[in-house]
Amino acid sequence: FFQSTKLFRFSLQSVREKRRQTTQILFHKMSSAKQSKGRGRPKSSGKANGKGKGKGKPRMPITQCCGLTVSVNRVRKDMREGRYAPRLGKLAPIVMASVLEYCVAEVLELAGNVALDEKRKTIGPRHVMLAVRGDEELNVICKDVVFPHAGAIVHVHETLLQKKKKAKKKKTTASLSDSQNY
């Protein structure tokens, strides 16, 4: 029990450390992107007050600016349409997209390991289900999730398994002759 709590504590510390590093990187990239005098990111046209020709840098997408794969704009749109709160901060969709990307990477890594164990090159729904059910933390989060086309986890109770029979002792001829003698 002590080792499992120690490993759990270590995994929580590593997750916290990764989260802290991710937020530091995000804030650093966002602050380096705000080098213009106005608020927000630099405009795409490069024109200052409508004068001159476009000579500036093109506007970088926020997803690329933060180094993410999950679309920040799509997450922002979903958060607004979901009406989870009356107001939405600027960094909330960025942090949410980074957390989503981390969770997806974790599940895909575990599913890839399951696929390799079964000597497959393609990750299927069953591999994802076995990966989630095999991990303690992900299993707690996804306890009510039904994975379609994934089958069921094979689990046979120990009492239902056939036990190996012990070898019977052979009776010797001396014991037979003794029982016949009165």
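**Exercise 1. Decide whether Asn-113 counts as buried, partly exposed or exposed, and place this residue in its helix.**

Solution. In this predicted model, Asn-113 has a relative accessibility of 40% and therefore counts as partly exposed, since buried requires a value under 20% and exposed a value over 50%. The residue belongs to helix 4, which covers residues 92-117. As a last step, look from Asn-113 to Val-128: the two are separated by 15 residues in sequence, while their C-alpha atoms lie 9.9 Å apart in space.

**Exercise 2. Classify His-127 as buried or exposed, and list the residues that His-127 touches beyond four places in sequence.**

Solution. First, locate His-127 in helix 5, made up of residues 125-134. Next, take its relative accessibility of 7%, because of which His-127 counts as buried. Finally, with residues up to four places away in sequence set aside, the contacts of His-127 are Ala-111, Val-114, Ala-115, Glu-118, Arg-120 and Thr-122.

**Exercise 3. Describe the surroundings of Thr-63, including the distance from its side chain to the backbone nitrogen of Val-72.**

Solution. Begin with the position of Thr-63, which falls within helix 2 (residues 62-66). Its relative accessibility is 14%, so Thr-63 counts as buried. Once neighbours within four places in sequence are left aside, Thr-63 is in contact with Leu-68, Thr-69, Val-70, Ser-71 and Val-72. For Val-72 there is a further detail, in that its backbone nitrogen is 3.1 Å from a polar atom of the Thr-63 side chain.

**Exercise 4. Work out how helix 3 and helix 4 are oriented to each other, and which residues meet between them.**

Solution. The axis of helix 3 (residues 72-82) comes within 9 Å of the axis of helix 4, and the two cross at roughly 110 degrees. Because angles of 65 to 115 degrees count as roughly perpendicular, this is the description that applies to helix 3 and helix 4. Their crossing is right-handed. On the helix 3 side the residues are Val-72, Val-75, Arg-76 and Met-79, and these meet Ala-92, Pro-93, Ile-94, Met-96, Ala-97 and Leu-100 of helix 4. Sorted by character, the residues of this contact comprise 9 nonpolar, no polar and 1 charged.

**Exercise 5. State how many helices and strands the protein has, and what share of its residues counts as buried.**

Solution. The secondary structure consists of 7 helices and 0 strands, which gives the pattern α-α-α-α-α-α-α along the sequence. Of the 182 residues, 15% count as buried. Among contacts with a separation of 6 or more, 36% are between residues 24 or more positions apart.

Methods: Residues are numbered from 1 along each chain as its sequence is written. This is a predicted model: local features need pLDDT of at least 70, side-chain atom pairs count only at pLDDT 80 or more; totals for chains, interfaces and linings use all residues. Side-chain values use heavy atoms; hydrogens and water are left out. Helices (H or I, at least four residues) and strands (E, at least two) are DSSP runs, numbered from the N terminus. Buried means under 20% relative accessible area, exposed over 50%, partly exposed in between (1.4 Å probe, protein chains only). A polar contact is a pair of N or O atoms within 3.5 Å; within protein, one must be able to donate a hydrogen and the other to accept it, and residues adjacent in sequence count only if both atoms are side-chain atoms. Contact means heavy atoms within 4.5 Å. Axes are lines fitted to C-alpha atoms, for helices over the stretch in contact, and angles run from 0 to 180 degrees between N-to-C directions. Angles under 35 degrees count as roughly parallel, over 145 as roughly antiparallel, 65 to 115 as roughly perpendicular and the rest as oblique. A crossing is left-handed if the near helix is turned anticlockwise from the far one by less than a right angle, and right-handed if clockwise. Ala, Val, Leu, Ile, Met, Phe, Trp, Tyr, Cys and Pro count as nonpolar, Asp, Glu, Lys and Arg as charged, and the others, Gly among them, as polar.
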